[in-house]
Amino acid sequence: MILENLKYTKDHEWANVEGKNAIVGITHHAQEALGDVVFVELPQVGSKLEAHKTFGVVESIKAVSDLFSPVSGTVLEINSAAVNDPAVVNTDPYGSGWMIKIEMSNPSELDSLLSAADYKKLVEATR
Amino acid sequence: MLKRTALHEEHLSLKGRLIDFGGWELPVQYSGVIPEHLACRSSVGIFDVSHMGEFFVEGNFAKRFLNILTLNDVSKLDIGQAQYSAICNERGYLVDDLVIYRRGVDRFMVVVNASNTAKDFRHIKSVQESFESKFGSIDLWVTDESARFSQIALQGRNAETILQSITEIPLKKIKTYWFSEGILLDKIQTVVARTGYTGEDGFELYIPWLDAPRVWRALLAAGEKFGITPCGLGARDTLRLEMSYPLYGHELNESTGPLEAGLGWITKLYKEDFVGKSAILKMKECGPRRKLVGIKLLDRGIPRQGYKLYLPSQNESVGEISSGTQSPSLSQAIGIAHVHSMHAGVGKKLEIDIRGKRIPAVICETPFYRPPYQSKLK
């Protein structure tokens with residue numbers, strides 16, 4: 001499942017752009033590959049993020065996986081519901097399983113992200 | 001090219017997620033580690049463990065040889081009985097842990113870890129050579145029969161009822177760590193052992209290689225009304241971890257001796273001789289440097305192999321995690337760790353370095369989990 005209106009990274013995060021803010025999470029494909037998510041670690045509100053650098057961690061029973069920020073900016077909000085109940089990342093990765101909301105410092109970085117069609121190709125190539 | 005078990009097609013049709021496990025292509029999960037784990041705990045799970053190695057040790061000298069080769073006392077083993085044991089090198093370090101099944105007066109089957117099969121066989125052959133150079137030409141036959149046996153584990157409180165529906169072998173009579181040989185379905189000759197690696201009641205079935213799919217499907221059909229669930233390597237690992245059963249490559253390795261790995265109970269130092277005995281006696285004299293302990297995290301995080309342990313706000317590491325996970329039964333992060341003997345007491349507060357952050361943890365009693373119907377554990 002890949003949503004048309006989102007931007008994607010090669011590392012399987014999505015970004016939903018609303019004005020100068022972006023909401024970020026991991027894709028359906030990412031949660032499926034991870035399996036049952038049992039731990040989510042997110043940055044503190046106010047932290048500065050750089051595009052393509054790690055901002056947190058998701059862990060399944062078997063694996064530890066870094067989260068990479070699609071864009072640079074400041075963390076406005078984190079989804080503490082996902083921290084408290086990591087299973088929502090599996091059940092609703094594009095909705096209640098979102099991770100963080102970023103105020104973008106350089107929105108032109110969005111141009112280097114993948115479109116839904118390009119991300120779909122990437123996922124299909126790894127299958 | 002990865003090796004495949006006879007159940008490969010079954011894993012594909014069950015949509016198992018296949019991974020490379022020590023050269024074997026095996027499912028890490030089917031429906032998910034957590035549901036598989038919980039199904040095994042609450043009812044019954046079925047596992048393909050055909051990658052395990054099986055050796056035959058046979059002949060007049062088989063028992064004497066195994067008593068030299070392994071740590072436990074093989075002379076205590078009756079026909080039809082199984083014994084958990086391990087092998088060490090001359091330096092007293094663990095080569096592998098294993099189970100010995102005594103099938104006759106002079107006939108034994110030794111089941112070893114898949115990834116160690118080749119190494120173990122070389123080790124056993126070299127011990128056999130030195131044994132023969134001492135005793136001359138003797139009646140002792142050691143063969144690797146791994147390619148002839150599939151192994152299916154059926155684990156959980158409903159295992160007996162399900163298995164009984166496809167065999168005439170009176171399963172109730174098989175006690176824990178005993179086995180019986182007989183027929184499954186119409187004519188499949190099988191070793192049926194009441195053993196396992198989950199802490200649940202259950203069986204491990206040694207089946208002629210190509211007959212495994214028929215047994216697998218028959219058990220799935222017979223178990224349907226009990227919600228039988230195929231379980232992958234992921235659930236196998238979380239189930240054994242909740243029982244704090246050691247796993248070679250994690251708790252056990254060639255820089256760990258049996259006493260510091262908590263295997264003192266199978267290390268029979270009263271035996272006249274066995275490979276590694278003098279080195280292990282020395283380790284005993286000095287006292288083991290470190291111990292294997294169970295730990296629980298007191299804050300959020302998941303311990304993983306290699307994470308270091310510290311005394312609170314100290315900088316010198318006092319131990320290292322060998323296995324860790326989020327326990328599906330307890331919804332609690334648990335781990336097994338090698339910890340310096342001085343700091344290895346139950347109740348001891350420690351800190352784990354998880355990606356640069358210190359997370360508080362405490363040494364706790366093991367097993368972490370006890371199946372409610374099991375009064376005492378083997």
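**Figure 1. Helices α3 and α4 of chain B cross in this predicted model.** Here α3(B), residues 62-69, packs against α4(B), residues 117-135, at an angle of about 115°. Their axes sit 11 Å apart, and the crossing of α3(B) past α4(B) is right-handed. So who meets whom? On the α3(B) side, look for B:Phe65, B:Ile68 and B:Leu69; on the α4(B) side, the partners are B:Ile124, B:Val127, B:Gln128 and B:Phe131. Sorted by class, this contact counts 6 nonpolar residues and 1 polar residue, with no charged ones.

**Figure 2. An open sheet of 6 strands in chain B.** Read across the sheet, the strand order is β10-β11-β12-β9-β3-β13, and the pairing is mixed. Which strands sit at the edges? Those are β10 and β13 (229-230) of chain B, each of which pairs on one side only. Helix α6 of chain B, residues 212-223, packs on this sheet. The strands it touches are β3 (45-48), β9 (149-155), β10, β11 and β12 (202-208) of chain B. Compare the direction of α6(B) with that of β9(B) and you get an angle of about 15°.

**Figure 3. The β10-β11 hairpin of chain B.** This view picks out two strands of the open sheet, β10(B) at residues 179-184 and β11(B) at residues 188-193. They pair in the antiparallel sense, with 6 bridges between them. As a landmark, find B:Phe179, which stands opposite B:Ala193 in β11(B). How many residues lie between the two strands of the hairpin? There are 3, and B:Leu185 in the turn has a positive phi of about 55°.

**Figure 4. A barrel of 6 strands in chain B.** The strands close up in the order β14-β17-β16-β15-β18-β19, with antiparallel pairing. Ignoring direction, neighbouring strands are turned by 45° against each other on average. For one pairing in detail, take β15(B), residues 308-310, and β18(B), residues 349-354: these run antiparallel and are joined by 2 bridges. B:Tyr310 is the residue to look for there, standing opposite B:Glu351 in β18(B). Helix α7 of chain B packs on the sheet too, touching β16 (317-327) and β17 (332-340) of chain B. The direction of α7(B) makes about 120° with that of β16(B).

**Figure 5. Where domain 1 and domain 2 of chain B touch.** The domain assignment puts residues 1-286 of chain B in domain 1 and residues 289-364 in domain 2. Between the C-alpha centres of these two domains of chain B there are 29 Å. Each domain puts residues into the contact: 14 from domain 1 of chain B and 14 from domain 2 of chain B. Which elements give two or more residues to the domain 1 side? They are α2 (33-42) and α7 (233-242) of chain B. The biggest giver on that side is α2(B), with 4 residues. By class, the side of domain 1 that touches domain 2 in chain B splits into 5 nonpolar, 5 polar and 4 charged residues.

**Figure 6. Chain A meets chain B.** In this view, 9 residues of chain A are in contact with 14 residues of chain B. On the chain A side, β4 (37-41) and β6 (54-60) each supply at least two residues. What classes do the chain A residues at this contact fall into? The split is 5 nonpolar, 1 polar and 3 charged.

**Figure 7. The two chains, each seen whole.** Chain A has 4 helices and 9 strands, and from the N terminus on its elements run β-β-β-α-β-β-β-β-β-α-α-β-α. Along the principal axes, the C-alpha trace of chain A spans about 35 × 35 × 20 Å. A compact globule of 127 residues would have a radius of gyration near 14 Å, so the 13 Å of chain A agrees with that. Chain B, for its part, comes to 8 helices and 19 strands. Its C-alpha atoms fill a box of roughly 65 × 55 × 45 Å, again taken along the principal axes. For 378 residues, a compact globule would have a radius of gyration near 21 Å, and chain B agrees because its own value is 21 Å.

Terms used. Residues numbered from 1 in each chain as written. Chains lettered and ligands numbered in written order. Predicted model: local features only at pLDDT ≥ 70, side-chain atom pairs only at ≥ 80, totals over all residues. Pairing = 2+ DSSP bridges. Contact = placed C-beta atoms within 7 Å. Nonpolar A, V, L, I, M, F, W, Y, C, P; charged D, E, K, R; others polar. Axes fitted to C-alpha atoms, helices over the stretch in contact; angles between N-to-C directions. Left-handed = near helix turned anticlockwise from the far one by under 90°. Domains from an automatic or database assignment. Rg over C-alpha atoms; globule rule 2.2 N^0.38 Å.
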